[in-house]
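This report describes selected features of one structure. The sequence and the coordinates come before the discussion.

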Amino acid sequence: MKTAITEMFGIQHPIIQGGMHYVGFAEMAAAVSNAGGLGTITGLTQKTPADLANEIARCKDMTDKPFAVNITFLPTVNSPDYPGYIRAIIEGGVKAVETAGNNPSAVLPYLKDAGVKVIHKCTSVRHALKAQAIGCDAVSVDGFECGGHPGEDDVPNFILLPRAADELEIPFVSSGGMADGRSLIASIAMGASGMNMGTRFIATQEAPVHENVKQAIVAASELDTRLVMRSLRNTERVMTNEAVERLIEKEKRLGDDLKFEDIIGEVAGVYPRIMLEGDMDAGAWSCGMVAGLIHDIPTCQELIDRIMGEAEAIIDRLNAIR
Ligand SMILES: Cc1cc2nc3c(=O)[nH]c(=O)nc-3n(C[C@H](O)[C@H](O)[C@H](O)COP(=O)(O)O)c2cc1C
């Protein structure tokens, strides 16, 4: 399948693996890219720019296909060494970057000068238009369903994608709730040139996370995620567990008085314990409603081949009813 996104990133299939904290290691990115999609290393999971440079080199040892690096601009006081991470990306010869969080305008000139294609992930049409205006090459339109940070507008993809299509000139991919060939064809029907998946890629053989995480996703239904941290305007969709229910209880009790310090135990620094050690009640971890559509743990190659096969079958079905 050839779309503006496959052409832009030099990939076989219009399927991207979004950056995921403590999931997007070189093994994950290489597996997706080797299967014909665009895999992504999560920049900030690497503690320093030198660690990121090393992770990029490891990924290059595992694939000769294009892959991306995610750079997430966090709302934190002590900002990570973003210029250092950007240098590691450029010097590592990576040609695609997924930005997310705040506006990437400060780093854009460096990436553009180095010929790096930038896809900015955002959750509203106004932010997508802003990304287009500042010179991003593409956007990833992340609906309310998504795992991670859906923003504060709560617009699901059946509305958000056609709205983006009506307004944008640059290509975009759908993101949030995507799992299979139906997702891909529906996204294309709504104007997207491909799709981005997070949660679905965690439940794969190659995802370098503890088996408990994969099993938790397979066991979960579409009813098992919760939205937390809304009153902090940092809403996150997470898989429910003991820590999340405790967090929600604090949110109810403290209301608008809730401060980040009140929930630090449930959210800060919990990813290594969950993703690497498989301690599933250690804290809040991002997970999409799409867990309800995930029932197995295939290899990335099997997953992507299956998605493309389903997509072809849908195209045939559509042709047959014309
Ligand atoms: C465990 C997990 C960690 C994530 N971490 C990040 C991150 O660090 N930066 C980022 O931009 N997006 C992050 N995301 C969001 C994904 O890149 C992607 O946009 C989202 O998962 C899409 O929704 P889906 O899960 O329904 O496919 C994360 C998602 C998950 C599930």
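## Helices, strands and ligand shell

P83 and E91 are exposed on one side of helix α4, the side away from its buried residues. The model discussed here is predicted.

The buried residues of α4, which spans residues 82-91, are Y85, I86, A88 and I89. These residues lie on the same side of the helix because they cover an arc of only 155 degrees around its axis. They pack against α3 (49-62), β3, β4 (96-101) and α5 (108-113). After α4 comes G93, with a positive phi near 75 degrees.

Helix α7, residues 157-167, has N157, L160, L161 and A164 as its buried residues. Viewed down the axis of α7, they fall within an arc of 95 degrees, so they line one face of the helix. The elements covering them include α6 (125-134), β6 (138-142), β7 (172-175) and α8 (181-189).

The two helices are set out below.

| Helix | Residues | Buried residues | Arc of buried residues |
|---|---|---|---|
| α4 | 82-91 | Y85, I86, A88, I89 | 155 degrees |
| α7 | 157-167 | N157, L160, L161, A164 | 95 degrees |

Strand β4, one of the elements that the buried residues of α4 pack against, is itself mostly covered, with five of its six residues buried. β4 runs parallel to β3, and six bridges join the two strands. Within this pair, V69 is opposite V97 of β4.

V97 also appears in the description of the core. The largest nonpolar core has 92 residues, and V97, V139, I202 and I217 are those that touch the most other members. What does V139 touch, not counting residues up to four places away in sequence? The list is I119, H120, C122, A128, A131, L168, I170 and F172.

The ligand has 29 residues around it, of which G18, A100, G147, G198 and G288 come nearest. By class, this shell contains 16 polar, nine nonpolar and four charged residues. Strands β3 (67-73) and β8 (195-197) and helix α9 (199-202) each supply at least two of the shell residues. β3 is thus named both in the ligand shell and in the parallel pairing with β4.

Two loop residues remain. G36 is placed in the loop between α2 (26-34) and β2 (39-42). Is G36 buried or exposed? G36 is partly exposed, because 19 other C-beta atoms lie within 10 Å, while a buried residue needs 20 or more. Apart from neighbours within four places in sequence, G36 is in contact with I11, Q12, H13 and I304. Between G36 and D61, which are 25 residues apart along the chain, the C-alpha separation is 17 Å.

E222 is found in the loop between α10 (211-219) and β9 (225-228). E222 counts as partly exposed because it has 14 C-beta neighbours inside 10 Å. Its contacts, leaving aside neighbours within four places in sequence, are M289, A291 and G292. From E222 to Q12 the C-alpha distance is 30 Å, and these two residues are 210 apart in sequence. Q12 is also among the contacts of G36.

Note on methods. Residues numbered from 1 in each chain as written. Predicted model: local features only at pLDDT ≥ 70, side-chain atom pairs only at ≥ 80, totals over all residues. Helix = DSSP H or I, 4+ residues; strand = E, 2+ residues; numbered from the N terminus. Buried ≥ 20, exposed ≤ 12 C-beta atoms within 10 Å, placed from the backbone. Contact = placed C-beta atoms within 7 Å. Near = placed C-beta within 6 Å. Nonpolar A, V, L, I, M, F, W, Y, C, P; charged D, E, K, R; others polar. Core = buried A, V, L, I, M, F, W, Y, C linked by C-beta atoms within 7 Å. Arc of directions from axis to C-beta. Pairing = 2+ DSSP bridges.
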